[in-house]
Amino acid sequence: MTITIRSVAADDRAAWGQLYAAYADFYQVTQTEDMRERVWGWLMDTAHEVEGLVAETDDGLIGIAHIRPFARPLAAATGGFLDDLFVDPAARGSGAADALIAAIKAEGGKRGWGVIRWITAEDNTRARKVYDRTAVATKWVTYDLLV
């Protein structure tokens, strides 16, 4: 199976929406079609910081990733943040996650990002196997301050 990684395009809306809804279900996050439409709008707006990549085969989209730059004041640099990465369960083990991460790393290199950072659930064991072989787990603990 040949996997192509490319930027998300307007014609991807339906397939992207199915994958993004499945991603929300995986994390047991309530997400509405209105919420997906808002994120889609961000992806289609070249002035918005969030960008989308897709993993595609001859059969269609099998994976999505959303990235954005973030300032790193202590390092006086810019990094990249991988907000979302999801591969259709039927396509897991295909190399799509590795291909998406490699494409994000290459894009980060072109943009001068010194690091690509992301978070995942501690119990996301399958994805963590991919992450553990492609990146370094940090010692940092994440907090959410709800407002």
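The side chain of R36 makes a polar contact with the side chain of Q31, at 2.9 Å. This is a predicted model. R36 is found in helix α2, which covers residues 33–44. The chain around R36 holds four helices and five strands, and the five strands form an open sheet.

**R36 and its surroundings**

- R36 has a relative accessible area of 12%, and buried means under 20%, so R36 counts as buried.
- Leaving aside residues up to four places away in sequence, R36 touches R13, W16, G17, Y20, A21 and Q31.
- Q31 is therefore one of the residues that R36 touches, and the two side chains also make the polar contact of 2.9 Å.

**The sheet**

- The order of the strands in the sheet is β1-β2-β3-β4-β5, and their pairing is mixed.
- The edge strands are β1 (4–7) and β5 (116–117), each of which pairs on one side only.
- Helix α1, residues 13–26, packs on the sheet and touches β3 and β4 (77–87).
- The direction of helix α1 makes about 70 degrees with that of β3.
- Strand β2 (residues 51–57) and strand β3 (residues 60–72) run antiparallel and are joined by seven bridges.
- At T57, the bridge partner in β3 is G60.

**The chain as a whole**

- Along the sequence, the helices and strands follow the pattern β-α-α-β-β-β-α-β-α.
- The radius of gyration of the chain is 15 Å, close to the 15 Å that the globule rule gives for 147 residues, so the chain is as compact as a globular protein of that length.
- Taken along the principal axes, the box filled by the C-alpha atoms is roughly 45 × 35 × 30 Å.
- Among contacts with a separation of 6 or more, 59% are between residues 24 or more positions apart.

**Burial and surface**

- Of the 147 residues in the chain, 35% are buried.
- R36, with its relative accessible area of 12%, is one of the buried residues.
- The chain exposes about 9,600 Å².
- Carbon and sulfur atoms supply 52% of that exposed area.

Conventions
Residues numbered from 1 in each chain as written. Predicted model: local features only at pLDDT ≥ 70, side-chain atom pairs only at ≥ 80, totals over all residues. Heavy atoms only, no water. Pairing = 2+ DSSP bridges. Helix = DSSP H or I, 4+ residues; strand = E, 2+ residues; numbered from the N terminus. Contact = heavy atoms within 4.5 Å. Axes fitted to C-alpha atoms, helices over the stretch in contact; angles between N-to-C directions. Rg over C-alpha atoms; globule rule 2.2 N^0.38 Å. Buried < 20%, exposed > 50% of the residue type's maximum accessible area, 1.4 Å probe, protein only. Areas by Shrake-Rupley, 256 points an atom, 1.4 Å probe, with all protein chains shown as cover. Polar contact = N/O pair within 3.5 Å; in protein donor to acceptor, adjacent residues only side chain to side chain.
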